[in-house]
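I set out to keep a short notebook on one structure. My aim was to look up a few features and to record each in plain words.

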Amino acid sequence: MSTDTYGHRLSVFSDRNFKYLMVAPGILILLLVGIFPLIYSLVVSFQNITMTDVDTSFQGLLNYKQLFRDARLWQALGHTALITAIALPLELVLGFLLAQLFLERMPGRQIFVALLVLPTVLSPIVAGATWRLMFDVRFGPIGQIVSYFAGEPVTLLWTVNPSLVYPAIIICEVWQWTPFMFLLLLAALSNVDQSQLEAAELDGASYWRVLRQIIMPAIKPVVAIAVLIRGLDLFRIFDIIWALTEGGPGSMTETISLYTYVIGFTQFDTSYTAAVAFLVVALLSVIVTLVLRRMELVK
Amino acid sequence: MTALTRRQRRALTLAMRYLIAVAVTLLFLFPVYWLFMISFKTPEEIFHVPPLWLPGQIQFNNYWVLFKDGDVVAILNSLIVAGTSSVIAMVLGTFCAYSLARFNTGGENLAMWIISQRMIPPMAVVFPIFLIYVHFGMVDTFSGLILLYTAFNLPYVIWMMRGYIADIPLELEESALVDGCTRWQVIWKVVFPMARSGLMATAVFTFVFAWNDFLFALILTRTEVITFPVQLTHYMGGQSNFWAKIAAMSVLGTLPIFVAVTIMQRYLVRGISLGAVKG
Amino acid sequence: MHALKGIDLTIADGEFAVFVGPSGCGKSTLLRTIAGLEDVDAGEIAIGGGVVNDMRPRDRNIAMVFQNYALYPYLTVFENIAFGLRARKFADSEISKRVGDAASMLGITALLDRFPRQLSGGQRQRVAIGRAIVRQAQLFLFDEPLSNLDAKLRDEMRSEIKRLHKNIATTMIYVTHDQVEAMTLADRIVLLRDGRIEQQGSPLDLFERPATGFVAGFLGSPTINLIPAVMDVRGNSVAVRLTSGEMLELPADKVQSAAGSNGKKVILGIRPQHLTRAGRAALPKGQIRVKAVADLIQPTGTRTYVTSRIGDVAVTAELGAHDVHEQGATLDYAVDMNRCVLIDPQTDKVL
């Protein structure tokens, strides 16, 4: 009896060609759209195709050298890292708190959960647009609420004021994706062994001790996956920023995706864009591999 | 203060939880509520300073304008593109997943490669894909966009369905095979019904991913195949009555998703868990 | 719908009480209510003289061993056992001492550095017990601790637990569905059924003087034989008449309130151990000779179980190992009426 790595029993009647036939169409599409463009991109990155010039001769590392001299690129990466570093922990903590709130049975919990999921299933463009409306200086409710608490009319230009743009983006992003963390953590927390918690209760352990020594280790695998997925998504963040600030003011909120868009589709700096794209892929691959390796160790 | 009995304490805690739950839910849904309200307001009401919390009366003019100008076609386009690509992705992906789950085709390497495909940042491939599409004249075509969404949803479908299929006891299939069914019959009669909830959850999420996509739609469409998110951005530019259109269009575009998700709510938690809890 | 109804129970200090009963009878619920893990709708629970209804489980000074051991997977065995002591801020030296003592008492000193996943079922169970005893609580609760172990291990651990009780002499409450465990471990058995106490008392009490047919049927292996019959009272002699006609006279001391019960339907309960082979000699007082055909013979090495039809019902007798006969042979049974029970079919009470 053969099993795969997860211990699932494998079917014995392995019809030889059938199994390859089944995966063929899917793999084909993936190759077409996944690998082929990457290779094409790699080739282009070694050429010198710009808006004005179509020079397909081999240029060596011309474009890659430019990567290091491009300040705007590294700024973009910095912006991306900033957003990720702030939004991810926030989403995690808030999601955890929400999960704790709804963990124990309560009548009507289903309804609450269904409603709270809504921000996550919206198009990020809709989310960005919504918050743009909310933040609007003249007729958005946020301004009015803040003014009410401040006691005097306050003018907040969320999408223009340099010190407010990042909070605006992060608020919108956290608002949209905390429910995602919430659902994941709710499932994970529900799966913690009840009897361990009861034993700890009888042992007289404080909430913090239980959290630290029993709950955290138990949900670590789920948290790791959540961080990986959301982390990657945050790295690629595009829609929300497009809707809120379009990368502005200037290029203050330009993340790496936005920057790639700018050089690729407004400046048509084809080869350079390809090089940037490759840098991004390489960077992500390294990060993901490192994280996965750490996860394997944890498991 | 007199000590409370356990039952009293429990009741109090529950009451507090409810209070907080309601407050939190209202807080989270407030922006959506605001969007909704704007879609019903007249331009004067929208620009009222200070902002009005409720419209004077519910008027559908903003929606009507969308229909009149034909902008609603974006919703239709999204339906076609997201729907078709989801169906194709589900079919191809589930078969792939079955092969992987039951026969371990390609071993761990293939599985790893497929999962890594999901981690490819779209931005890295959108440019070369754009170039390829231009070359083949696939820009601004339905089939082009559908192909793309199918490809990008495949890894997710395969990953999820593999897990769901693996959870189905092998004995069920084997007894069917022994009873004389062909492999196709087994898949159709045994696997699909048993994996129904997994199929539903995954299908909904595939649909949502395709529906909400902006980047590819932006770059790979022009005028023929405008999808909902792209149409929405056409209204952005700071002009006043466009806010009304943004709100109305947003509501229209979110409705199908909301309906689908609410119906599938039972299966939702597993879908979003992305197999994490099981894996 | 209440899981427990009308429970009135007192357990003496140092006693080993066993809650036993079929699935769903509420024994675990009762245990958890005492622990404080379940709420009480009405009534009082007092431990060590104080009412604890409103006390949280942690304040009741009790320890519990769970069915699935409930060990903390990410802590070593030492830390698992020490968990409660650390939570209550005991000094490190005191912790080491107590954990060391408990470990040596249970024979797991060598395992202190390991993690639960590296241990066998029996070892894990010992760790769980260790975790319970280091706290030196006033009450120990066991929730079906041996259910997950295989038969041989179960026997071993049963003796360990009995020995433990002798050593530390604390009040213990033990929940099981296994009547053998109940009989061998208990000072007092509490037999529960559908949320009520069916009967409580010493093991021998319940075995020899069951209050109801349910109790009689629950304890004892193989199960007691139940034969429908009718009372036959004529003057001073009281007997039961089986449906197949035999008249079995009841000894005088069983006959307290037989007056007026002529014709009453009863169920005669006879344990397999009280059905023996009758020799040719006259039977002792109270034993009646009954002939029956041996339908099924099941030898076990130490005993032979012979099933026959008596009173139109399949009846099992426990005979000696070498009393094996051919199937179909007619046997003379000696039915010990001194040890039988009469059950009222309607109320299930023993007469």
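The entries below record what I looked up, beginning with chain C as a whole.

**Entry 1. Chain C overall.** I noted at the outset that this is a predicted model. I then looked up the secondary structure of chain C and found eight helices and 18 strands. The C-alpha trace of chain C spans about 75 × 45 × 30 Å along its principal axes. Of the 351 residues in chain C, 48% are buried. I also looked at contacts in chain C between residues at least 6 apart in sequence, and 67% of these join residues at least 24 apart. The area that chain C exposes is about 16,500 Å², and carbon and sulfur atoms supply 48% of it.

**Entry 2. Strand β4 of chain C.** I asked which residues cover the two faces of β4(C). I62(C) and M64(C) lie on one side, A63(C) and V65(C) lie on the other, and all of them are buried. I next looked up the pairing of this strand: β4(C) runs parallel to β5(C), with four bridges between them. Within this pair, M64(C) stands opposite L141(C) of β5(C).

**Entry 3. Helix α9 of chain A.** I asked how many of the ten residues of α9(A) are buried. The count is seven, and the helix, which covers residues 194-203, is mostly covered. The buried residues are S195(A), Q196(A), E198(A), A199(A), A200(A), L202(A) and D203(A). I then asked what covers them. The cover includes α10 (207-235) of chain A, and from chain C it includes α1 (27-35), β4 (62-65), α2 (77-87) and α4 (121-133). The strand β4(C) of the previous entry therefore appears here again, as part of the cover of α9(A). Just after the helix, G204(A) takes a positive phi of about 85°.

**Entry 4. A surface patch on chain A.** I found a nonpolar surface patch of about 480 Å², made by L82(A), I86(A), L90(A), V93(A), L94(A) and L97(A). I followed one member, L90(A), which is placed in helix α3 (residues 71-103) of chain A. In a helix of this kind there are 3.6 residues a turn, so residues three or four places apart point the same way. L90(A) counts as partly exposed because its relative accessibility is 37%.

**Entry 5. Unusual backbone in the loops of chain C.** I looked up residues other than glycine with a positive phi. Q136(C) is one of them, with phi near 50°. Q136(C) is in the loop between α4 and β5 (139-143) of chain C, and it is exposed because its relative accessible area is 53%. D194(C) is another, with a positive phi of about 55°. D194(C) belongs to the loop between β7 (188-193) and β8 (196-201) of chain C, and its relative accessible area of 54% is why it counts as exposed. I also recorded a cis peptide bond from S221(C) to P222(C), with omega near 0°. P222(C) lies in the loop between α8 (213-218) and β9 (225-234) of chain C.

**Entry 6. Cysteines.** A disulfide is a covalent bond between the sulfur atoms of two cysteines. I asked how many disulfides there are over all chains. The count comes to zero, where a pair of cysteine sulfur atoms would have to lie within 2.5 Å. I looked up two cysteines for their accessibility. C172(A) is buried because its relative accessible area is 0%, and C340(C) is buried because its relative accessibility is 1%.

Methods. Residues numbered from 1 in each chain as written. Chains lettered and ligands numbered in written order. Predicted model: local features only at pLDDT ≥ 70, side-chain atom pairs only at ≥ 80, totals over all residues. Heavy atoms only, no water. Patch = residues over 30% accessible without salt bridge, like charges linked within 9 Å, V, L, I, M, F, W, Y side chains within 5 Å. Areas by Shrake-Rupley, 256 points an atom, 1.4 Å probe, with all protein chains shown as cover. Salt bridge = Lys/Arg side-chain N within 4 Å of Asp/Glu carboxyl O. Buried < 20%, exposed > 50% of the residue type's maximum accessible area, 1.4 Å probe, protein only. Contact = heavy atoms within 4.5 Å. Pairing = 2+ DSSP bridges.
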